[in-house]
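Me: Please take a close look at one part of this model. I want its surroundings, its contacts and what follows it in the chain.

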Amino acid sequence: MTATEMPSPQTSPATIDDATALHSPVLAWFDQHARDLPWRRPDAGAWGVMVSEFMLQQTPVSRVLPVYEQWLARWPRPADLAAEAPGEAVRAWGRLGYPRRALRLHGAAVAITERHGGDVPREHAQLLALPGIGEYTAAAVASFAYGQRHPVLDTNVRRVLARATTGIQYPPNATTAAERRLARALLPDDETTAARWAAASMELGALVCTARNEDCGRCPVADLCAWRLAGKPAHDGPPRRGQTYAGTDRQVRGKLLAVLREATDPVPRAVLDRVWDEPVQRARALDGLVSDGLVEPLENDRFRLPLT
């Protein structure tokens, strides 16, 4: 191949070897386009970051913002939440969905209060040891709250890396070891820059490199994106999981919880029976809520949000 036939740096797909070619444009884009979100502000603290990470799982920012503000106003420190009954966390969770996250956040607050004097721990291993905290959340809090160097792999980041470096439209349904290795290899060496990269690549996936209707014209690394340079080949892996809601047990659970959240006293089963006509599905949903610890059954066929 002659020199004139060699691809220019601007049209070569991104690789692990030239990771720095991705960092600078994405970070510069983030400096200009990052949303002003309350959990990104200096006064949010590690607890504000942790609360946001729990709430943002499978839930859009627009729905999280009002609940987040109310939550932090009521429980500005983990000890404030830990002092309340877990059912109050479920009540305050409102309609964010996946309410077991509220119980897990309450459990983490209790552990932080008991084990760490009420301060969210800095060390990744200590974060990972908290109840309800998985690899993603531990890495996110360590990175976003404490500026540490960890691969933070949410759905948005995974999609950006899949397209930019491996040339596929969508990542696998579940995070793989190969993705973790790739994310670690792409991390900037400097801790502060690595933490900024984690936030910037996540924001790029949320605003530009979206699951549908991606806007490559606004992408700062479009000229390096392996997927775009390959002609945007269509996804040929396992079918992507959809999120249906209407008519599902999730919908029934949500309706049952809505009644209990509004109640100040235990609710008779007869009142809960009014929220859904199909008795078998209704009973299954209620049993599931009890099994998950979201609802506490009482004598005389009454129910309430959990007190312990």
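Reply: Gly 94 comes just after helix 5 and has a positive phi of about 60 degrees. The model is predicted. Gly 94 is also among the residues that Arg 261 touches.

Start with the helix that precedes this glycine. Helix 5 covers residues 86-93. Six of its eight residues are buried, so the rest of the structure largely encloses it. The buried residues are Pro 86, Gly 87, Glu 88, Ala 89, Val 90 and Trp 93. Their cover includes helix 2 (45-56), helix 3 (61-74) and helix 4 (78-82). Helix 6 (100-115) and helix 13 (249-262) are also among the covering elements.

Now take helix 13. Arg 261 sits in this helix. Its relative accessibility is 12%, so Arg 261 counts as buried, the cut-off being under 20%. Beyond residues up to four places away in sequence, Arg 261 touches Val 90, Arg 91, Gly 94, Arg 95 and Leu 305. Val 90 is itself one of the buried residues of helix 5. The C-alpha atoms of Arg 261 and Ala 92 lie 8.2 Å apart, though 169 residues separate the two in sequence.

Next, two other covering elements. Helix 2 and helix 3 both help to cover the buried residues of helix 5. They also pack against each other, at an angle of about 140 degrees and with axes 10 Å apart. Angles over 145 degrees would count as roughly antiparallel; helix 2 and helix 3 are therefore oblique to each other. The crossing of helix 2 with helix 3 is right-handed. On the helix 2 side, the contact uses Trp 47, Gly 48, Val 51, Ser 52, Met 55 and Leu 56. Helix 3 contributes Val 61, Val 64, Val 67, Tyr 68, Trp 71 and Leu 72. By class, this contact has 10 nonpolar residues, two polar and no charged ones. In an α-helix, residues three or four places apart point the same way, because there are 3.6 residues a turn.

Finally, a residue that meets the start of helix 13. Gln 281 belongs to helix 15, residues 279-291. At 12% relative accessibility, Gln 281 counts as buried. Its contacts outside four places in sequence are Gly 247, Thr 248, Asp 249, Val 252 and Trp 276. Asp 249 and Val 252 fall within helix 13 (249-262). The side chains of Gln 281 and Trp 276 make a polar contact at 2.8 Å.

Terms used:
Residues numbered from 1 in each chain as written. Predicted model: local features only at pLDDT ≥ 70, side-chain atom pairs only at ≥ 80, totals over all residues. Heavy atoms only, no water. Buried < 20%, exposed > 50% of the residue type's maximum accessible area, 1.4 Å probe, protein only. Helix = DSSP H or I, 4+ residues; strand = E, 2+ residues; numbered from the N terminus. Contact = heavy atoms within 4.5 Å. Polar contact = N/O pair within 3.5 Å; in protein donor to acceptor, adjacent residues only side chain to side chain. Axes fitted to C-alpha atoms, helices over the stretch in contact; angles between N-to-C directions. Parallel < 35°, antiparallel > 145°, perpendicular 65-115°, else oblique. Left-handed = near helix turned anticlockwise from the far one by under 90°. Nonpolar A, V, L, I, M, F, W, Y, C, P; charged D, E, K, R; others polar.
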